[in-house]
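Here is a short report on one protein model. It covers an internal cavity, aromatic rings, charges over rings and cysteines.

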Amino acid sequence: MAEQEASGLQVLLSTLQFHRSETDAGNRCYASITEAALRAVWASKKPLGSAGEVRIGRFAMNGTRQRCQSASSASPSRSSCDKDVILNILGVLTDLLSLGTGRRIQYVISKGGSEALLQALAIAAQAKPPDHSILLPLLRLLARVGQRDRKFGLKAQKSEVTDTILSLARRNLGHHLHLIHCLWVLRVCAYNVTTGATLGINGAMELLFKVISPYSKRHVRTVRAAIEALAALLKSKPNSRQAVSRGYLGELLRLYQDWHHNDVSNHYIYIRRGLLLCLKHITNIQMGRETFLGSRGMEILFASVQDCLAGKNLDSIITTAIQILRKCYPKESLPLRRVTSSYCFPLPGNAKAEPPCEASESDESDGEEEAEKYLDIEDVESKDEDYDLETDVTKLRSQPVLDRPEEELEQYEAMCPELAQKFQVLEFESEEEKCLENRTESLPSTPSHFVPSAASVKHSNCKWRNQCVTEMGPDPGKNEFRVPFQCWTKEEKCRWDQTDGKRGNEEAAQGASSCEEEHPARSHAFALRPPPEDVAERLESSDLVTKLLEKHQGDIPFHSPLFYLARAKCVKSIPSYKDLAFPDFWGHQAPPHSKPVLERNYGVQRDKVLDDIRRLIQPGDVIGRTVFDVDEPSPSSPGVPGCLQFFSQFESGNLRKAIQVREFEYDLVMNADVNSNQHHQWFYFEVREMKLAVSYRFNIINCEKFNSQFNYGMQPVLYSVKEALQGRPRWLRAGHDICYYKNHYRCRAATGEGTRGKFYYTLTFSIKFPHKDDVCYLAYHYPYTYSTMMSHLDMLEQSRNPKKVYWRQQTLCQTLGGNGCPLLTITAMPESKTGEDLEQFCSRPYVFLMARVHPGESNASWVMKGTLEFLVSTDPIADLLRKCFIFKIIPMLNPDGVINGNHRCSLSGDDLNRQWLTPNSQLHPTIYHAKGLLYYLRSIGRAPLVFCDYHGHSQKKNVFLYGCSIKETLWQAGCMVDTAVITEDVGYRTLPKILDKVAPAFVMNSCSFLVEKSRESTARVVVWKEMGVLRSYTMESTYCSCSHGLYKGVQLGTQELEEMGSKFCLGLLILHLKSLPCSQKVMAQAALLLDLEEEITDRAQRRCSSSSLETDDEPPCVEEIDYNADSCSDGEEDFSELDQEIQECLSWAEGEREDEGATMGQTCSSKALRGLYISGQPASSSAALPLHSPALGMYSGFESSPV
Ligand SMILES: [Zn+2]
């Protein structure tokens, strides 16, 4: 803003403030500063744009000069001069503030505008009789400035004008034009809750109720202003309490009903919505919600919403009414006896074996101001990242000492057989034998010979599993997972032949009755749930498998049902699963086409929420029948006829309870992570007995994240057995009417993690199943089980070319649950036995990759699948890549979590990716040993060149990396960075830059290299800090889609995820070529294979052409997910509404008569404005004012669009 204007403004404001100067000297000073102010305004063309406006300025200035000159020479007319000056100033201010944007008003506020205007009001109000020609424009200015000044209420209190306004309003109860002006300012003052409370104490609410009730269509403008002021006052909790105890809530409901019924032609939407806003604020307090329920508020609002749904332009009413309904819906606990996981796992050693216990019934008595709390929580969540950055330079740079005795590292030597001295002898033995040996050592049955015996005593979970059995004593209920160690030590060569499958099932049949602890069959007892009856008769499972396998086309790459079956038998789950999910067994083949993101239907959430509320209003319609319950299984019942049958007792399955709500609607409850009472997000279950052409609605009612990609076009996935048997074995994105919103369920349990888990959200979707009486599976995302991974590794090993691909599968360690965590070593076989080639082999830099520490992130496994398949492939690029690196890969860091259907944690109930600083060898064995192996590599000077941990991100789009940078962290945190002291290799940016160019799903702009305090114990940060790995990353893959590039607008499928995994490898090769010294041979090969520059520029161009401005987060959802959150708009932040109200009122007031609001919504005419521009009085009576008619006649800025 121009400087002149700035100083001019200041002068104007101070003039206003001190306009009661009594002396001549004062008056002279007065005149001169006013003139200066006006000159400033006039001189700066910016504020008063056009030539016409400049003329106004000049006119005004001349006028003022005249008046003031005459005033200083003739004192009797001084007071009239005073008035003129004031009116002129008000006029100029009004001019100034009516044009342009709110920025100008903000400027006036910053220069003390509010204070000056308030003081002017205090003085003007003292005049007897009150001079409304000054008061009214002053009040209008106050309303407009005040609503944009966050501290206006406090300023008003400080200037002691709140009472002034109240008494002005009281005196003008009969004069609606004057009253309205007072109400506007009252409303603006009440935006500050403290001021609002003071006004309440001084009787503001009684005053307003006098204006708004009983229902009448006379003076609608005044009623509207009063209701809006009342809504603002009710934001203060003491006011709300007072309103409830005085019975105003019932009165408001009655008024709302009257307006609703009488406003047939929807002329008074503002009034109806204003009343709803009053109710919305009152119901922020517990007492308000109770009274609302007691006054049949739910029924009244629900009925009115039903009426409004048909009408047009009633969204503001519907939205506000639904917010109130959702808030007042009585809170309930989940329909479970306890929220703690159905599965409990006794922990080894002294570790706390009990899952977090549930707190005593505390109800909501401690949560009186619930809404307030929501705000705090959401605030914390959203601001988390900014305040969380690590700014302690020493911490960022520190390299803590080893977290274990150095001798312990020796055991990891065995995990680097590629470095062994006797390599020549070992590796060139018969490949066949080697192959067999490798497989044997990967089986859980063989004690891992490469881990020294001392360590296995100390760390192996086997020992404590035995101890645990003896210590805890027999527990019939928990028998199943306490299968003793001996069971696994028996020689079981999980062979993948059909007879084995048969035997297993026969044994299972026997084992079921005998239940002997040592019966080896217990781990074999696997069955396939029978497929649809018209496909196969209900048969003995073994026959069924055989029969089915005859049908299997075997055309799914890297999948074999037999391999799967064999691996699945060796899996140890806590519930001792005996069933296989068909999709995992049969396999998944990516569909030929990817599916676009789902267009969200208008008002879908609104309709779903109303359906939920209808349950309360019309309870008779609700069936409420539990049809599936893990906690209380009813083994014999074949299922209720006409009702879906649910099942999820299989690997990665997660469904705890299913309740039929209406004929085709089910509420589903997910199980919490083992030994925990939270982390519900992942789901995977089976459904059968469906009808054709019926849309079934599923509500997953205990989700925990506060938003989800399900609100942005993501669909869950569906697998149909009938489709699979007809040759289309695939998971497909499915479902419509999908949305995700906060529901009325609350968790009363203490979670031990602050406020997390306190609220629940519903994911709702509807599905039309492709076939009648099919067996279908529904999941959060493409499932990828532990057995899938293990059998995949078997297939990979078989398929590789042993002459070219060095492949070694070992067991990193056993998990808590007794499952092996595989460790892979992949590189190229040495080209020959010559010393040179062997040396090249041993000296290749390491790349360390991991995935699936978080079990719910199955997308990470699909990316890893792509990486592995590429690495062992015959692709010449893969060949070259293998010659460049030795890959150490842990494809599944949390097998137990994956097996047991967890979303986030391991069996200990810990998030394993928060244990890297000090992993516990007993509780977090996979992390402990992964870190140990990394320590070992560092200790022999072979820390990896690149470390990457694959994850999935549930809230963001794209695939991207999180890396670590000291400088970027400090800059982002606003710290001064002494670049001379802190030097940093920017090499961490190279790989993501390359990936941005070569991988279509990858987006550099989504990457971040900041080190957060809350992430200090993640793999990425610890490997960066403690192992000194510059390129230490977390790779996040979306569950949904990409914001730009080739996959913009399509939902990623397994094919796209796998592609990402292979492109990651390509990125590594390019990184190698760019940043490491390469032999001429490698370079020549690379040059042949990749026309690098071309490849890169080609991609870049394609990307550019389709890229748009990157926004990191999703835009606000079209419908409020959380009805209590800050984001719930009242429309009160929308300043233009009150501005318009003021303008409309001016046009109406010209005639000094209120004509029942018929002109509401009309824009004001310039004629009307002319008279009211400065003064509230009719134009004729203020002819003395120089600023009037002629000047303003030229002024038409208002006509088109006020502000
Ligand atoms: Zn993760």
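Which residues lie nearest the centre of the second largest cavity? They are Tyr 329, Asp 612, Tyr 741, Asn 743 and His 744, out of a lining of 16 residues. Keep in mind that this is a predicted model.

**The cavity**

The structure holds 18 cavities of 30 Å³ or more. The second largest encloses about 150 Å³ of space. A probe the size of a water molecule, rolled over the atoms, shows where empty space is left.

Three elements each give at least two residues to the lining of this second largest cavity: α31 (604-617), β9 (695-703) and β12 (736-746). The largest share comes from β12, with 5 residues. The lining is mixed in class. It has 7 nonpolar, 4 polar and 5 charged residues.

**Aromatic pairs**

The count of aromatic pairs is 38. One of them joins Phe 585 and Trp 586. Their ring centres are 6.2 Å apart, and the planes meet at 45°. This pair is tilted, because its angle falls neither under 30 degrees nor over 60. Phe 585 is buried, at 0% relative accessible area. Trp 586 is buried as well, because its 3% is under the 20% limit.

Phe 960 and Tyr 962 make another pair. Here the centres lie 5.4 Å apart and the planes stand at 90°, so the pair is edge-to-face. Both of these residues are buried.

**Charges over rings**

Two charged side chains sit over aromatic rings, as the table shows.

| Charged residue | Ring | Distance to ring centre |
|---|---|---|
| Arg 224 | Tyr 270 | 3.7 Å |
| Lys 742 | Phe 759 | 4.2 Å |

In the case of Arg 224, the charged end is the part over the ring of Tyr 270. Lys 742 lies over the face of Phe 759.

**Cysteines**

How many disulfides does a search of the whole structure find? The search finds 0. Two cysteines can be placed by their accessibility. Cys 308 has a relative accessible area of 1%, so Cys 308 is buried. Cys 344 has 23% and is partly exposed, because that value lies between the limits of 20% and 50%.

Technical notes. Residues are numbered from 1 along each chain as its sequence is written. This is a predicted model: local features need pLDDT of at least 70, side-chain atom pairs count only at pLDDT 80 or more; totals for chains, interfaces and linings use all residues. Side-chain values use heavy atoms; hydrogens and water are left out. Rings of Phe, Tyr and Trp (its six-membered ring) pair if their centres lie within 6.5 Å; planes under 30 degrees apart count as stacked, over 60 as edge-to-face and the rest as tilted. Buried means under 20% relative accessible area, exposed over 50%, partly exposed in between (1.4 Å probe, protein chains only). A charge sits over a ring if NZ of Lys or CZ of Arg is within 6 Å of the ring centre and within 35 degrees of the ring normal. On a 1 Å grid over the protein atoms alone, a cavity is a set of points where a 1.4 Å probe fits but cannot get out, and a pocket is an open set with protein on both sides within 12 Å along at least five of seven lines; lining residues have an atom within 4 Å of a point. Grid points are joined across faces, edges and corners, and a volume is the space filled by probe spheres set on the points. Helices (H or I, at least four residues) and strands (E, at least two) are DSSP runs, numbered from the N terminus. Ala, Val, Leu, Ile, Met, Phe, Trp, Tyr, Cys and Pro count as nonpolar, Asp, Glu, Lys and Arg as charged, and the others, Gly among them, as polar. A disulfide is a pair of cysteine sulfur atoms within 2.5 Å.
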